[in-house]
Amino acid sequence: MKTHSINLKLGVLAVAVSTALASVAASAEDDDVKAATTPQSSIEFGISNTSRDSSKFGEYNGLDKSGAGVVGGFDIRGGDAYGGQGGRTRWSLIGTDLGLSNRSLSGNYTEQGRWTVGIKFDQLEHNLSDSYQTPYVGGLGSNSFSLPTGFGTTANTTTMNATQLGALHNLDISSTRKNSSFLAGLNLNSQWDIKLDFNHLEQSGAKLMGFGLSPLTLGGAGGQNVSVLPMPTNSQTDTVNLAVNWLGEKAHVTGSYFGSYFHNDYDRVTFQSWNQAGQFNTMSTAPGNLFHQLSLSGGYALTNKTRVAGNLSYAINTQDQAFAYDPFLMRPGSPLVASANAKVFTTHADIKLSDQSFKDLALSAGLKYDERDNRTPSNIYNFMAIDGNAGNVANYPNTPQSLRKTQLELAGDYRIKIAQYLRLAYTREDISRWCNNYAVNAGYPAGTNCVVAKASQEDKLDATYRVSAFDSVNFRFGYGYSSRRLDADPYARAAFIGTNGSINGVSAPGQNAGDWNGFHPYMDASRIQNMFKGNADWTVSDTLSLAAGVRITDDNYNTSLGMQSGKTWSINLDANYRYSENGTLTSFITQQNRNRSMTDRQNATALWTDKLTDEDITVGLGAKHTGMIGGKLDMSGDATHSWASTGYNTQILSGPLVATCATPAVLSCGEVPAIKTAITQLKLTGTYKVDKQTKVALRYIYQHMNGEDYYYNGYQTGFTPTQVMPTNQQVGNHTVSFASVSYIYSF
């Protein structure tokens, strides 16, 4: 009986445990079902602290100021389409980074299959400098800058007096973008729907820019003085995109309108001269403009394996804002015009045919056409020449350049056998450039060419081979060849030659439009490019995977002056290791290198060469572990270190300056100090689950930057060029820590 009693008790206990486990399993299953059918909402609120001011650390993340702050956000969702209610409506309210200057808010309401509406607001602050100094009075975003009372004038900024030096004060430089948008969609039936997207963009603040001051009253730009001032970015851009879509059994068509309306609050910036008492100069700002585009796109299935798709669009861009010019540097044009009266018409068309009729072979052919027809009138504009002669007025026409580009693409993808693929692609691109009615009002003959690089043709061939050598190893190799040929007109009358096409008083069209004959910018010059890229990934085991990639390009330019060659290479290695069911480690290393060589003329007898070398390397390590402390604690972190260096080496090969160019006072040749940047960053995140609905999150960021750039030496008081106002800007080196703790409630 005693034994039976024990067995009975064990049986009852087993049943109880089984029932409890079944209940837990059922509860977990119910939770999974609920999570799948009912979205989880959450609210987060917390506090943070940033250790020090740094515009570089907070360049885009809103953490540019030291001290305590508030962090928060929410993600709330609902509707009768959730929780088994059988409805069709869903709605959401989402807010992120609400305590920072970079934040976003959005709301959306949808009746599935019928209509949707949504609103969104996001703000992004770009912090540019917290070390900029200026003697000018005028706040961030202002369009008027004056010198303080008693500042006086100076002819040499390296010898300013105590009053002038004392006027230098800090001004944080930043620009802010605010986007407000509204979107709506309406499904008329199973085939037709309409979508509307409206966006209002406001830009405020400023970006630093060099402003030239005329050194002579009413004439001459020679020995021009320079002030670095905050160019205001106060503007608004409204864009609207309205589309009507049709979907059939074998075809689809979309017709749309896109409009952009840009308005600048300021048409000019005025600023006081520090070398001419009481004189104010003027700098114009970006003018307002309008853009309208109509588009039609669609596709049709000719057969089950053959499809055709295409797009058509036509647009007009206009700008007719009145000119704002500096009376000390500009003169009335010929003919006298009040505005550019600019008009640009853009046409685009493309069509693509794809076919998979052949087994293991996919073919495609495409044709694209783009034309930018600039019909802005070409007139003569007069301004004071830089030679310093008040009576020397330059007469230059504006150059409304047009462009036409056609592109043919042919490609084939062939499966050689299982796990082996080959892709071949050929592209032919033809570009032509011209100006409409170029300076005809100034007596230029009709059809006068305004551009040296009037046409180019480029042929590209790309081959890619993919193979799975083993079940766990995949390889991909690619090779590309490109040949670009320039059709140049060295006797083109570019805008900066003059009304008679003369150079240095020679009344004949200038060779290479004022450049030394044989020079072509690298983006237009004839070029041969070879490119190789490859990558491999290897699944070593269920817990370890590796990946590697390499890319090499070699450019050679067929031009006697200008860019001669360019070479780049990069390599990356990645590893991912899952050391436990809840823990992973990741690591990577990336290295890049770029160098290019140039040859040019300093004068008729002096040749010079310049070599640029860029290199950088980044290494990183990341870790993530979940389910610690009884499944309540999740932690993740990553550490990265990057280093970059840029160096120039310029040599004068012949001419009178060979012996003097390397002197410390000149330093126009030789190897300049390298521009270097090193950044170390650590990020840690931990989330502790207090109960089923409550979490506490901790975040920590550490960042250290050390940069060297000799360019900033020329901004320092006492070391600037004699005609440049110092700003005392610094590279942006910093060591900053950020920490936050927040409470997250889910429901």
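## The β3–β4 hairpin

Strands β3 and β4 form a hairpin, with six residues between them. In the turn, D97 has a positive phi of about 50°. Strands here are DSSP runs of E with at least two residues, numbered from the N terminus. This is a predicted model, in which local features need pLDDT of at least 70 and side-chain atom pairs count only at pLDDT 80 or more, while totals for chains, interfaces and linings use all residues. Residues are numbered from 1 along each chain as its sequence is written, and side-chain values use heavy atoms, with hydrogens and water left out.

## Partners of β3

Let's look at both neighbours of β3 (residues 89–96). It runs antiparallel to β4 (residues 103–111), joined by eight bridges, and T89 stands opposite E111 in β4. Strand β2 (residues 67–78) is also antiparallel to β3, through five bridges; here I76 has L93 of β3 as its bridge partner. Two strands count as paired if DSSP finds at least two bridges between them.

## A nonpolar surface patch

L93 appears again in a nonpolar surface patch of about 1000 Å², whose members also include W91, Y109, W115 and L186. Such patches consist of residues with over 30% relative accessible area (Shrake-Rupley, 1.4 Å probe) and no salt bridge (Lys or Arg side-chain nitrogen within 4 Å of an Asp or Glu carboxyl oxygen), nonpolar side chains being joined within 5 Å. Two or more residues each come from β3, β5 (115–129), β9 (173–187) and β10 (192–213), and β5 gives the largest share, three residues.

L186 lies in β9 and is partly exposed (between 20% and 50% relative accessible area), at 40%.

Technical notes. Helix = DSSP H or I, 4+ residues; strand = E, 2+ residues; numbered from the N terminus. Patch = residues over 30% accessible without salt bridge, like charges linked within 9 Å, V, L, I, M, F, W, Y side chains within 5 Å. Buried < 20%, exposed > 50% of the residue type's maximum accessible area, 1.4 Å probe, protein only.
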